[in-house]
Amino acid sequence: MTGFTRVDDALGEFTLRPLDPDADAALLHRWVTHPKSAFWLMQDADVAAVAAEYRRIADHPHHDAYLGSWRGTPAFLAERYDPAHVELAGLYDPEPGDVGMHFLCAPAGTPVHGFTRAVITTVMAWLFADPATRRVVVEPDVRNTAVHALNAAVGFTVAGPIRKPEKEALLSVCTRDQFRAATGAPVTEEGAPA
């Protein structure tokens, strides 16, 4: 998938494009090292380390990273991975069509009401635009109560806690039907929202 666009009723246009690990590294560095991004686990990374991490993701056959923009300005990061091979390999029983997801909103000086929910809705619509995606799987830190609430708002159900090397995580899953029921967001295939 090369790109994706979704128009939110309240906040306008959100887009996703493949991340350029080198060209986007300085921007990502500001985001992932910000105190509000502590759960991203990159607080001590320098720009070179951020670029190296995203080059590693770009080179991985089962992991991709995308830069998200809001109204044409970079505003969030999204990652898509195959949980049978990355992040959750050996930690749960994957089902055919499972896709793993991470997202990070850029730290903002002035919060915009509904922004983070619009971002996760966009990311979920993007993932479900692929007809092969049957469920989205996430594994946030058990202490990240804000993201647990967002996940629930877009249809995730909790499968239970799992122990990862870097954290105690809360495994949660969301089917296409759960996403539609929770958000009312129509989803079509091939990258175009209905």
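## Helix crossing and sheet arrangement

Helices H3 and H4 lie oblique to each other, an orientation taken here from a predicted model. The axes of H3 (residues 115–128) and H4 (residues 145–153) come within 10 Å and cross at roughly 55°. The reasoning is that an angle of this kind falls outside the 65 to 115 degrees that count as roughly perpendicular and is not under 35 degrees, so the pair counts as oblique. The crossing of H3 and H4 is right-handed. On the H3 side, the contact is formed by Thr-116, Arg-117 and Ile-120, while H4 supplies Leu-150, Asn-151 and Ala-153. By class, the residues of this contact comprise three nonpolar, two polar and one charged.

The sheet is open and consists of eight strands with mixed pairing, ordered S1-S2-S3-S4-S5-S6-S8-S7. Strands S1 (4–8) and S7 (157–164) occupy its edges; each has a single partner strand, so one side of each has no neighbour in the sheet. On average, neighbouring strands of this sheet are turned by 30° against each other, direction ignored.

Within the sheet, S4 (residues 73–81) and S5 (residues 98–105) run antiparallel and are joined by six bridges. Ala-78 has Phe-103 in S5 as its bridge partner. Helix H1 (residues 25–32) packs on the sheet, where H1 touches S3 (63–70), S4 and S5. The direction of H1 makes about 85° with that of S4.

The angles for the two named pairs are listed below.

| Pair | Angle |
|---|---|
| H3 and H4 | roughly 55° |
| H1 and S4 | about 85° |

Definitions and conventions
Residues are numbered from 1 along each chain as its sequence is written. This is a predicted model: local features need pLDDT of at least 70, side-chain atom pairs count only at pLDDT 80 or more; totals for chains, interfaces and linings use all residues. Side-chain values use heavy atoms; hydrogens and water are left out. Axes are lines fitted to C-alpha atoms, for helices over the stretch in contact, and angles run from 0 to 180 degrees between N-to-C directions. Helices (H or I, at least four residues) and strands (E, at least two) are DSSP runs, numbered from the N terminus. Angles under 35 degrees count as roughly parallel, over 145 as roughly antiparallel, 65 to 115 as roughly perpendicular and the rest as oblique. A crossing is left-handed if the near helix is turned anticlockwise from the far one by less than a right angle, and right-handed if clockwise. Contact means heavy atoms within 4.5 Å. Ala, Val, Leu, Ile, Met, Phe, Trp, Tyr, Cys and Pro count as nonpolar, Asp, Glu, Lys and Arg as charged, and the others, Gly among them, as polar. Two strands pair if DSSP finds at least two bridges between them.
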